[in-house]
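Trainee: I would like a close look at a single part of this model, the surroundings of the ligand. Please take me through them in one connected account.

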Amino acid sequence: MIDDVHPLDAETGLRPASVADAACLAASLTRSRAYMKPWEPVRPDSFYTPEGQRERLAGLLADRAAGRSMPWVLCDAGDRAVGAFTLNAIAFGAFRSAVLGYWVDVDLAGRGLATAAVRRICELARDELRLHRIEAGTVLDNTASQRVLAKCGFEEFGMAPSFLHIDGAWRDHRLFQRILHDGPVTGAEG
Ligand SMILES: CC(C)(COP(=O)(O)OP(=O)(O)OC[C@H]1O[C@@H](n2cnc3c(N)ncnc32)[C@H](O)[C@@H]1OP(=O)(O)O)[C@@H](O)C(=O)NCCC(=O)NCCS
């Protein structure tokens, strides 16, 4: 299930990322660079190249193999990667939690795709990874991201001053979480 392609609308889907997505992700990130600038860390130019994305994906996939991360891409009708959704810092034990990050190509923004993808990821995190909770943080004025989280059932639980270095400065963040279930702790990881 977690390795399937999950349709989001007639043309797009969510599927696990692979190193083969590097060139499409580099092209999409380059197209979207100015659009994403207020909400992202300052990246070196190498980040926007296929080689930079190959290195990033290799690291993410090593983290996936170690159970620490689950990287998905948004794919279009031609199976080109045009966005990314990642559960990071996956923890098991008594926490069973992860931190969600995401972006969508500038040319596909505003079509409900982030909302559909985050909803699906919440289901997969609950049913496949057996997580209890997902957390996400946004800079104070990232209204689009806050709207996505609200539509997906996330609730604000705090404000973290000077939390992340975004667009060249340490920015306060609003913190959100969605409790996925309050059932028993299950799964091989304990
Ligand atoms: C945040 C992001 C992923 C949303 O993707 P998306 O596919 O456009 O999101 P959706 O279409 O599912 O929903 C966006 C919602 O925000 C609203 N929105 C968008 N821009 C807005 C703005 N400037 N002010 C208020 N609301 C806004 C939309 O109207 C929509 O809400 P609605 O369904 O109630 O009308 C995308 O804008 C993005 O990649 N941004 C840059 C990276 C980023 O911010 N990542 C998140 C970091 S926390």
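Trainee: Which of the 22 residues around the ligand come nearest?

Mentor: The model is a predicted one, and in it Tyr-35, Gly-110, Thr-115, Arg-147 and Lys-151 come nearest among the 22 residues around the ligand. Of these, Arg-147 also makes a polar approach through its side chain, where a polar atom lies 2.6 Å from an oxygen atom of the ligand. The backbone takes part as well: a polar backbone atom of Val-104 is 2.8 Å from a ligand oxygen, and a polar backbone atom of Ala-114 is 3.1 Å from an oxygen atom of the ligand. As for cover, the ligand taken alone exposes 960 Å², and the protein buries 70% of that area. The space that the ligand takes is the largest pocket.

Turning to the elements that build the shell, at least two residues come from each of α2 (33-36), β5 (97-104), α4 (113-127), β6 (133-139) and α5 (143-151), and it is α5 that gives the most, with six residues. Sorted by class, the shell around the ligand holds eleven nonpolar residues, eight polar ones and three charged ones. Taken together, then, the surroundings of the ligand draw on both helices and strands, with polar approaches from the backbone of Val-104 and of Ala-114 alongside the one from the side chain of Arg-147.

Methods: Residues are numbered from 1 along each chain as its sequence is written. This is a predicted model: local features need pLDDT of at least 70, side-chain atom pairs count only at pLDDT 80 or more; totals for chains, interfaces and linings use all residues. Side-chain values use heavy atoms; hydrogens and water are left out. A residue is near a molecule or strand if one of its heavy atoms lies within 4 Å of it. A polar contact is a pair of N or O atoms within 3.5 Å; within protein, one must be able to donate a hydrogen and the other to accept it, and residues adjacent in sequence count only if both atoms are side-chain atoms. Accessible areas come from the Shrake-Rupley method with a 1.4 Å probe; for residues, only the protein chains shown count as cover. On a 1 Å grid over the protein atoms alone, a cavity is a set of points where a 1.4 Å probe fits but cannot get out, and a pocket is an open set with protein on both sides within 12 Å along at least five of seven lines; lining residues have an atom within 4 Å of a point. A molecule sits in a cavity or pocket if more than half of its atoms lie within 2 Å of its grid points. Helices (H or I, at least four residues) and strands (E, at least two) are DSSP runs, numbered from the N terminus. Ala, Val, Leu, Ile, Met, Phe, Trp, Tyr, Cys and Pro count as nonpolar, Asp, Glu, Lys and Arg as charged, and the others, Gly among them, as polar.
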